[in-house]
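Hi everyone, thanks for making time. I'd like to walk you through a structure that is new to most of you, so have a look at it first and then we'll talk.

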Amino acid sequence: MGKFEQEFSNFPVQKITRHDFKNIDDDIAPIVNEINALRAQGLYSQAANLIQENFNTISHYIVDAVTYRTWEEEIYNTQKYARQKQQSIFFDESDADFDGIEGDVWAGGD
């Protein structure tokens with residue numbers, strides 16, 4: 001059995017990380033608009049600095065690369081976990097793309 005990725009995810013040892021993101025509201029909109037304006041002007045370093053300066057405030061509103069990597073790794077670990085567990089698969093003889101795994105319980109036929 002393959003190893004699980006552990007850089008961003010602790011699944012299946014721990015539950016999948018829950019992210020409680022918020023919709024942008026009037027309180028945070030000025031900062032988000034300023035970040036977007038800087039990006040539109042190609043001023044990425046200044047936009048990154050503004051994000052860092054306001055990180056505690058905006059972290060609940062903006063999905064960053066770490067969050068994407070966490071989601072990606074947790075999906076990957078979930079797939080590996082599911083494939084390692086024995087499963088019951090019902091299929092029809094006409095299924096051309098049947099993807100069973102050795103050790104699974106397969107039931108099929110006419």
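Let's go straight to the aromatic rings. This is a predicted model, and in it the count of aromatic pairs comes to two. Take Phe 21 and Trp 71: they pair edge-to-face, with 6.3 Å from centre to centre and 80 degrees between the planes. Phe 21 sits in the segment before α1 while Trp 71 belongs to helix α4, so this pair ties together parts that are 50 residues apart in sequence.

Are these two residues buried, exposed or something in between? Phe 21 has a relative accessible area of 31%, which makes it partly exposed. Trp 71 also comes out as partly exposed, at 31% relative accessibility. The other pair is Tyr 68 with Trp 71, again edge-to-face, at 5.4 Å centre to centre and 85 degrees between the planes. Here the partners are both in helix α4, three residues apart, so about one helical turn separates them. Put it together and Phe 21, Tyr 68 and Trp 71 make up one aromatic cluster.

While we're on helix α4, which covers residues 65-84, look at Thr 70 in it. Thr 70 counts as buried because its relative accessibility is 7%, and the cut-off for buried is under 20%. And what does Thr 70 touch, leaving out residues up to four places away in sequence? The answer is Phe 8, Thr 17 and His 19.

Now let me step over to α1. This helix has twelve residues and reaches 16 Å from its first C-alpha to its last, close to the 16 Å expected at 1.5 Å a residue. Which residues of α1 are buried? They are Ala 29, Ile 31, Val 32, Ile 35 and Leu 38. Among the things covering them are α2, residues 44-53, and α3, residues 55-58. Just after α1 you'll find Gly 42, with a positive phi of about 80 degrees.

Arg 39 is worth a stop too; it is part of α1, which runs over residues 29-40. With a relative accessibility of 38%, Arg 39 counts as partly exposed. Skipping residues up to four places away in sequence, Arg 39 touches Tyr 44, Ala 47 and Ile 51.

Arg 39 also turns up in the lining of the largest pocket, so let's go there next. That pocket has a volume of about 170 Å³. Its lining includes Phe 21, which we met in the aromatic cluster, along with Ile 51, Phe 55, Ile 58 and Asp 64, to name some of the others. Which elements give two or more residues to this lining? Those are α3 and α4. By residue type, the lining of the pocket divides into seven nonpolar, two polar and two charged.

Last, let me zoom out to the whole chain. Its secondary structure comes to four helices and two strands, and reading along the sequence you get the pattern α-α-α-α-β-β. Of the 110 residues in the chain, 20% are buried. As for contacts with a separation of 6 or more, 53% of them are between residues 24 or more positions apart. The Phe 21 and Trp 71 pair, with its parts 50 residues apart in sequence, is the one I'd start with on screen.

Conventions:
Residues numbered from 1 in each chain as written. Predicted model: local features only at pLDDT ≥ 70, side-chain atom pairs only at ≥ 80, totals over all residues. Heavy atoms only, no water. Buried < 20%, exposed > 50% of the residue type's maximum accessible area, 1.4 Å probe, protein only. Contact = heavy atoms within 4.5 Å. Phe/Tyr/Trp six-rings, centres within 6.5 Å; stacked < 30°, edge-to-face > 60°. Expected span 1.5 Å × (residues − 1). 1 Å grid on protein atoms, 1.4 Å probe; cavity = no way out; pocket = protein on both sides within 12 Å on 5 of 7 lines; lining within 4 Å. Points joined across faces, edges and corners; volume = space filled by probe spheres on them. Nonpolar A, V, L, I, M, F, W, Y, C, P; charged D, E, K, R; others polar.
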